[in-house]
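Subject: Structure handover

Dear colleague,

Here is the structure I said I would pass on. My notes on what was found in it follow below.

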Amino acid sequence: MSKELQFIKGVDKLHAFYTENVRMLAHAYDLTDEDAARILDRFDFRNVARSILHPPRVDLMEQGPDLAP
């Protein structure tokens with residue numbers, strides 16, 4: 001696998017992990033995903049606002065994103 005593709009896969013895992021942490025933070029503040037997305041969009045966090053409206057892409061029981069090649 002090319003290093004560029006490995007890089008993209010690593011970024012995808014990192015973004016998914018980050019998104020799930022933002023979703024958990026929103027739930028800690030008793031916000032629905034939709035309410036959190038509206039707030040995030042209002043403050044120009046548009047990528048994560050869109051992402052949290054989709055089903056989770058990572059298993060939160062993992063230690064973190066495996067970014068090693």
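Met-1 sits in the segment before H1. In this predicted model, Met-1 has a relative accessible area of 63% and is therefore exposed. Met-1 also belongs to a nonpolar surface patch, whose other members are Leu-5, Phe-7, Ile-8 and Val-11. Together these residues offer about 520 Å² of accessible area.

Overall make-up

The protein contains three helices and zero strands, and the order along the sequence is α-α-α. Helix H1 covers residues 3-28 and helix H2 covers residues 33-42, while helix H3 covers residues 46-51. Of the 69 residues, 23% are buried. The accessible surface amounts to about 5500 Å², and carbon and sulfur atoms hold 60% of that. Counting contacts in the protein with a separation of 6 or more, 64% are between residues 24 or more positions apart.

Confidence

The average pLDDT of the protein is 86, and 81% of the residues reach at least 70. Among the elements, helix H2 has the highest mean pLDDT, at 97, and helix H1 has the lowest, at 91. The usual caution applies: where pLDDT is low, the predicted coordinates should not be read in detail.

Contacts between H1 and H3

Thr-19 is a residue of helix H1. Its relative accessible area is 3%, so Thr-19 counts as buried. Leaving out residues up to four places away in sequence, Thr-19 touches Val-48, Ser-51 and Ile-52. Thr-19 can also be set against Pro-56: the two are 37 residues apart in sequence, and their C-alpha atoms are 8.2 Å apart in space.

Ser-51 is in helix H3. Is Ser-51 buried or exposed? Its relative accessibility is 19%, and the cut-off for buried is under 20%, so Ser-51 counts as buried. Apart from neighbours within four places in sequence, Ser-51 is in contact with His-15, Thr-19 and Arg-23. Within its own part of the chain, the side chain of Ser-51 reaches the backbone oxygen of Asn-47 at 2.9 Å.

Salt bridges

Side chains of opposite charge can pair when their charged atoms come close. The count for this model is five salt bridges, and three of the pairs are described here.

Arg-23, one of the contacts of Ser-51, is worth setting out in full. With which residue does Glu-20 form a salt bridge? The partner is Arg-23, and the closest N and O atoms of the pair are 2.3 Å apart. Both residues lie in helix H1, three residues apart, which is about one turn of the helix. Both Glu-20 and Arg-23 are buried; for Arg-23 the relative accessible area is 6%, which is why it is classed that way.

Asp-33 forms a salt bridge with Arg-23 as well, with 3.4 Å between the closest N and O atoms. This pair links distant parts of the chain, since Asp-33 is in helix H2 and Arg-23 is in helix H1, 10 residues apart. Glu-20, Arg-23 and Asp-33 are thus linked in a network of salt bridges.

Another salt bridge joins Arg-46 to Asp-41, where the closest N and O atoms are 3.3 Å apart. Arg-46 has a relative accessibility of 41% and so counts as partly exposed. Asp-41 is partly exposed too, because its relative accessible area is 34%.

Arg-38

Arg-38 lies in helix H2. With a relative accessible area of 53%, Arg-38 is exposed. The C-alpha atoms of Arg-38 and Arg-50 are separated by 9.3 Å, and the two residues are 12 apart along the chain.

In short

The points to take away are the nonpolar surface patch that includes Met-1, the contact between Thr-19 and Ser-51, and the salt-bridge network of Glu-20, Arg-23 and Asp-33.

Regards

How values were computed
Residues numbered from 1 in each chain as written. Predicted model: local features only at pLDDT ≥ 70, side-chain atom pairs only at ≥ 80, totals over all residues. Heavy atoms only, no water. pLDDT = per-residue confidence, 0-100. Helix = DSSP H or I, 4+ residues; strand = E, 2+ residues; numbered from the N terminus. Buried < 20%, exposed > 50% of the residue type's maximum accessible area, 1.4 Å probe, protein only. Contact = heavy atoms within 4.5 Å. Areas by Shrake-Rupley, 256 points an atom, 1.4 Å probe, with all protein chains shown as cover. Polar contact = N/O pair within 3.5 Å; in protein donor to acceptor, adjacent residues only side chain to side chain. Patch = residues over 30% accessible without salt bridge, like charges linked within 9 Å, V, L, I, M, F, W, Y side chains within 5 Å. Salt bridge = Lys/Arg side-chain N within 4 Å of Asp/Glu carboxyl O.
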